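Colleague: I've got a model open and I'd like to learn how to read its salt bridges and helices. Can you walk me through it?

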Amino acid sequence: MFQSRVDGAHSPNIPYDPLTRDPRDTAYHDPPSPHSPSFETHPVELTTFPEAMSEGAIPPRFLPASRYFDSNSNYRDSIVSHNTFHSAPSAQNSSVYALQPDYAGAEHVEYQDDPTSGTTYPSGSPHYLGEKRTAYSSPRTKSKRGIIMFASIAAVLAVILAVLLPVYFLVIKPKSNNNAAASAPGTTSGSGTGSGTNAIVTGGNGSTITTENGTTFTYINHFGGKWYWDPNDPFNNNARPNSWTPPLNQTFNFGIDKIFGVNLGGWLVTEPFMQASPALFEKYQDTSPPAVDEWTLSEAMAADTASGGLAQLEAHYQSFITEQDFAQIAGAGLNFVRIPLPYWAIETRAGEPFLAKTSWQYFLKAIQWARKYGLRINLDFHALPGSQNGWNHSGKLGSINVLNGPMGLANAQRSLDYIRIIAEFISQPEYRDVVVMFGITNEPQGTTVGQDALSRYYLQAYQDVRMASGVGKGNGPYVSFHDGFFALSEWAGFLPNADRIALDDHPYICFEEQSAAPMSSYAQTPCNTWASNFNTSMGTFGLSAAGEFSNAVTDCGLWVNGVGLGTRYEGNYTGIWPVIGSCTPWTDWQNWNTTMKTGITNFAMASMDALQNWFFWTWKIGASSVTGVVEAPQWSYSLGLQNGWMPLDPRTASGICADQGVWSPPLQPWQTGGAGAGQIAASVIQEYTWPPATISNAGAVTSLPSYTPTGTVATLPPPTFTVNSGKSVTTANAGKGWQNASDTAGEMVAIATCSYLDPWIGPSAAPPSPLCQSGKAARAVARSTITTAPHVPRSRRFP
């Protein structure tokens with residue numbers, strides 16, 4: 001939510017039931033809730049109290065006259081309640097939180113409110129609550145005269161009845177019901193849409209989860225993970241996936257805390273070999289053209305109105321990845337998810353067949369589910385207009401048109417706009433503690449576009465993100481750069497003093513020379529191949545992570561290389577490849593023996609240890625609609641867990657790679673948002689000024705089509721949450737989709753008097769001539785010079 005915090009972390013929206021407030025607001029100093037201004041009161045966790053109060057001043061709530069232990073005004077101790085609040089230390093010896101001992105993290109022991117008393121009560125007993133309420137009742141004033149006493153008593157009784165009856169029915173009784181429900185075993189549940197004040201909002205291993213559609217499942221987490229979801233406090237960040245990962249409301253210390261992650265590939269960006277069931281692509285192999293990427297799949301679906309048209313893609317979004325997947329990911333000892341997102345989640349333009357804007361709604365669900373289970377998100381911008389690599393997972397199989405060819409500049413300008421739009425959304429306080437990393441472009445073909453042009457593009461993208469987020473720890477995400485298929489060492493020292501950047505590498509061995517060697521022979525291959533490079537990069541660049549890797553050591557698997565492209569292993573892939581053997585032993589996972597499974601486990605663990613910070617590709621592979629089984633088993637983390645070839649606890653991988661010179665933390669302060677962060681030298685900025693002078697396979701940028709920043713920005717919409725405060729039903733403040741109000745530049749759009757080519761035209765086409773009418777030349781504009789007035793890879797290493 002707000003800037004990452006270690007001390008005093010709490011959600012200001014947690015609806016504790018406050019005692020009746022005195023009308024003199026000066027007696028209370030609670031700050032307003034920044035997330036839900038619709039709440040009529042804003043209870044907070046009080047951690048300190050003034051030692052001296054002015055005479056006659058009303059004490060803060062929960063501290064009436066009985067707060068003192070003796071006549072010397074010393075605060076009375078509370079044995080049970082000290083440090084029972086689950087997300088931050090309680091006030092020293094405060095008895096506030098013993099009132100609610102059932103929160104996660106509270107120590108359930110007998111309650112003894114007064115340390116000098118020998119009387120103890122069970123923490124859930126009515127006697128315990130009754131004694132507490134009695135202790136906090138207002139003292140009665142004695143009178144010397146009988147008639148005045150009688151009248152006073154009558155008046156006091158009338159006042160007490162007038163006050164306590166509403167308090168009992170509106171506050172105490174609901175709270176008692178809550179405590180009773182919380183203490184009942186096997187009844188813990190959560191709901192994505194519930195609004196009742198008695199709903200259970202947190203739980204651990206064995207608790208029951210109720211999803212937004214009413215279905216239930218049991219939460220299995222043997223690692224101390226705690227889910228948290230309160231529909232009346234939808235931006236609460238108290239959840240944690242396991243005991244060794246900080247909860248979302250505390251800082252994840254990159255370089256010290258390890259990233260154990262999985263990709264949610266094939267969900268919001270479809271890929272042929274990661275099919276849902278029934279398979280998306282197999283259905284359209286007899287169409288013309290056959291579905292080989294999301295472009296042709298979208299065209300085929302749109303024409304298939306009898307099956308629902310493009311709405312079939314939304315059905316895929318709904319079913320392929322669900323809330324239960326997020327719960328299982330946390331239960332597997334993981335703490336991150338990397339989620340590929342395409343540009344058409346934001347918008348499409350003329351001629352683009354994709355289902356526009358719909359996948360964004362499911363990414364919002366991903367944020368909600370990740371928040372509920374304490375998982376952090378690496379949002380990966382996976383598919384760019386024109387395609388950044390020409391592969392099927394970029395949206396359209398074919399040519400590279402970002403930073404390459406006659407539309408290379410215009411497509412890069414448009415892509416930078418989408419990076420900016422995403423950054424503005426995820427940098428908002430409501431989302432920045434969940435979406436903590438932003439992969440700005442997946443697998444750009446650096447060897448085609450050139451490292452100089454790619455470096456300039458990266459710096460501009462970094463500046464756009466930091467324009468949205470601000471600089472320093474907790475302000476927006478880490479900015480992750482894919483290595484562009486250059487060696488990690490070639491990025492050493494890139495952008496010194498840049499604020500929180502990361503380098504992303506996708507190490508695969510399955511797309512290289514094939515071998516008939518058994519799986520057992522690969523036990524130390526990751527250690528020998530990857531460990532040294534990653535350890536070195538952590539020191540020479542900074543945070544370096546594997547955004548993708550898998551257990552595959554061959555390219556066997558249905559459509560792993562693409563639809564109808566065959567495999568290198570069987571010698572029928574494009575080009576000249578010798579036949580190594582049949583792929584059946586590598587895909588027939590139902591008949592794998594213990595030796596095969598052990599070999600895969602050893603390879604997986606060696607990979608995890610060599611890479612240190614990693615995201616496995618991928619969490620789930622759908623079954624083929626033809627065979628009914630998963631046809632690319634070494635790419636599925638969940639299938640491996642279910643069938644015994646993935647480690648049940650990723651920590652057991654530590655130490656598998658011996659004598660690899662493991663990098664020693666911490667990262668430098670500027671690399672984690674500390675001192676010096678964001679202070680990039682002017683000479684470095686000048687070296688990588690955007691745009692580049694030339695574009696690969698196209699020539700000088702002055703001769704190429706470019707866009708102008710005069711369009712209306714396509715701001716991303718936030719989710720809607722209905723909040724029931726007990727007295728009113730309102731809509732929670734979910735942000736406006738734009739963090740920095742000073743970022744007022746328009747969106748890059750076509751110049752009316754200029755000519756443009758198809759964004760996917762390919763590098764061989766010539767630029768339009770003339771570019772523009774009336775002698776006006778299209779200008780390549782650096783965003784840093786815009787003064788517009790306010791507007792009313794995954795590494796497939798294919799040859």
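**Salt bridges and a helix**

Modeller: Sure, and keep in mind that this is a predicted model. The structure holds 17 salt bridges.

Colleague: Which residue forms a salt bridge with arginine 349?

Modeller: That's glutamate 747, and the closest N and O atoms are 3.0 Å apart. The two sit 398 residues apart, with arginine 349 in the loop between strand 6 and helix 6 and glutamate 747 in strand 18.

Colleague: Is arginine 349 buried or partly exposed? And what about glutamate 747?

Modeller: Arginine 349 is partly exposed, with a relative accessible area of 22%. Glutamate 747 comes out at 2%, so it counts as buried.

Colleague: Which residue does arginine 414 pair with?

Modeller: Glutamate 352, with the closest N and O atoms 2.9 Å apart. Arginine 414 is in helix 7, glutamate 352 is in the loop between strand 6 and helix 6, and their positions lie 62 residues apart in the chain. Both partners are buried.

Colleague: Now the helix. How do I check the length of helix 6?

Modeller: Start with the general idea: an α-helix has 3.6 residues a turn, so residues three or four places apart point the same way. For length, use 1.5 Å a residue: the 16 residues of helix 6 should span 22 Å, and its end C-alpha atoms are 24 Å apart, which agrees.

Colleague: How many residues of helix 6 are buried?

Modeller: 14 of its 16, so helix 6 is mostly covered. Right after helix 6 comes glycine 374, whose phi is positive, near 80°.

Technical notes:
Residues numbered from 1 in each chain as written. Predicted model: local features only at pLDDT ≥ 70, side-chain atom pairs only at ≥ 80, totals over all residues. Heavy atoms only, no water. Helix = DSSP H or I, 4+ residues; strand = E, 2+ residues; numbered from the N terminus. Expected span 1.5 Å × (residues − 1). Buried < 20%, exposed > 50% of the residue type's maximum accessible area, 1.4 Å probe, protein only. Salt bridge = Lys/Arg side-chain N within 4 Å of Asp/Glu carboxyl O.
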